[in-house]
Amino acid sequence: MTDFLNLVNEMAPYLLLGFLIAGLMHAFVPGRLYSRYLSAGNLRSVLLAALFGIPLPLCSCGVLPTAMSLRREGASKGATVSFLIATPQTGVDSIIATFSLLGLPFAIIRPLAALVTSVFGGVLINRFDRNSDDNATADTPAAVHEHTGHCCCEGTCDATQAPEPPQGFGAKLLLALRYGFVDMMQDIGKWLIIGLIVAGLITAFVPASFFADYVNTPLLSIVLVLLLAVPMYLCATGSIPIAAALMLKGLSPGAALVLLMAGPACNVASILVINKVLGRRTLVLYLISIVGGAVAFALGIDYLLPHEWFIPTFAGEMHDCCTPVTPLYQWLSTGLLLLLLFNAFVIDPLRKRRIAPAVHAHDTKVQTFSVGGMSCHHCQHNVERAIRSVEGVEDVEVNLERGEACVKGRADAQAICTAVSQLGYEISIS
């Protein structure tokens, strides 16, 4: 229990800072910025997509609809795949949390590995999957506008986003706090808690010499971790305490990096959606980029860099014979983190249930749709934006828990289904 509390106390201040920065980025960085420069099928668009994606706090489920949205807005397939690879591996919150538990070298290498693997993947797509990209351009919103002679976005096609009213600094700041400390808590809080619990169980029950047999054969431990990490879902932040706990049991730093890279970027849900929306060839190149990049960086860490660079920062505290004194700010941060988690998972859902949504007004047409595949608030927001982009929609309420969208207005139901299904979700009229 003491080890678990040390783990939480160590991470809490950095997690709060990461959530705050993520909220500020969401509120103050225009969404169109991420799609405006990604349409060309060249190295520059691939590199920009990776650089855009690395700081974004999107998990592997949230990045899928965002990437499909970029694709609809005209981003090339290479840039889309680069964004898909880079974004779930890192994020400003997970980079800060990585520094808190694993130290500065890991905090530097992790986004660097994400950058290299994502650029490599995007270049592979541009080189070997260009035909499907060229054929798909006819279906992009830019091509549709060209055929119809109408464009509503003045040169920067943003078909999935409805115009938003201008907001002042105060309103944006409130949006940032809401997004960082409520929406993101709801999205990754569960996985963060699971990661901390798993790390605590590993620390308590896994023998200290569990990975000792693999010390002289790092490649074997890398392969074992890879086989476990690829199919299962791991949040970029939630995977950090698991990696730290495994390293304390003898797992090599390279194998831990494989867990941090492949776990968030590859899972069954991502594989199925990418195969469905972007095609099997893209999926194969996507997996080659992540797996190949993870193994290459892991071997580089284990064979080329000093091992002492990669000792978890709290290892000395956990093995110290004397009980360390936890600074007051860490206890306060842990208390605030627990309060925010309680608000996100208990108070906020209760508040939403008490509010009668205006979309259910009886004086106009209301259509109800079942939406499958939504797993976080990023999914919810993307579905809402896609529906709002359809002509005739007056208002929309998307309920994440029920997997349901209520649409007010005279919009064509088939047009709504098409807009949502293009993001990779399943939708049908209830």
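**A four-stranded sheet, a helix across it, and two spots further up the chain**

Helix H18, made of residues 377–388, lies across three strands, namely S1 (366–372), S2 and S3, and runs at about 160° to S2. The model described here is a predicted one. The strands under discussion belong to an open sheet of 4 strands, with the order S2-S3-S1-S4 and antiparallel pairing. At the edges sit strand S2 (393–399) and strand S4 (426–429), each of which pairs on one side only. On average, neighbouring strands of this sheet are turned by 25° against each other, direction ignored. As general background, the strands of a sheet pair through backbone hydrogen bonds, in either a parallel or an antiparallel way.

Strand S3, residues 404–409, is a good place to look at the pairing in detail. S2 and S3 run antiparallel and are joined by 6 bridges. Going along S2, Asp395 stands opposite Lys408 in S3, Val396 has Val407 as its bridge partner, and Glu397 stands opposite Cys406. The two strands form a hairpin with 4 residues between them, and here Gly403 takes a positive phi near 65°. S3 also pairs with S1: 5 bridges join these two strands, which again run antiparallel. In this pairing, Ser370 stands opposite Glu404 in S3. How much of S3 is covered? Most of the strand is, with 5 of its 6 residues buried.

What about the cysteines? A search of the whole structure turns up 0 disulfides. For orientation, a disulfide is a covalent bond between the sulfur atoms of two cysteines. Cys379 has a relative accessibility of just 1%, so it counts as buried. Cys417 counts as buried too, because its relative accessibility is 12%, and the cut-off for being buried is under 20%.

Further up the chain, helix H3 (residues 43–53) has a covered side and an open one. Its buried residues are Ser45, Val46, Ala49, Ala50, Phe52 and Gly53. Around the helix axis these residues cover an arc of only 165°, which is why they end up on the same side of H3. Leu43 and Arg44, on the other side of H3, are exposed. The N-terminal end of H3 is capped by Asn42, with a side-chain oxygen that lies 3.3 Å from the backbone nitrogen of Arg44. Arg44 thus turns up twice: as an exposed residue of H3, and as the owner of the backbone nitrogen in the Asn42 cap.

A serine in a loop rounds off the tour. Ser76 is found between helix H4 (60–72) and helix H5 (77–89). Is Ser76 buried or exposed? At 2% relative accessibility, Ser76 counts as buried. A polar atom of the Ser76 side chain lies 3.2 Å from the backbone nitrogen of Ala79.

Notes. Residues numbered from 1 in each chain as written. Predicted model: local features only at pLDDT ≥ 70, side-chain atom pairs only at ≥ 80, totals over all residues. Heavy atoms only, no water. Pairing = 2+ DSSP bridges. Axes fitted to C-alpha atoms, helices over the stretch in contact; angles between N-to-C directions. Contact = heavy atoms within 4.5 Å. Buried < 20%, exposed > 50% of the residue type's maximum accessible area, 1.4 Å probe, protein only. Arc of directions from axis to C-beta. Polar contact = N/O pair within 3.5 Å; in protein donor to acceptor, adjacent residues only side chain to side chain. Disulfide = S-S within 2.5 Å.
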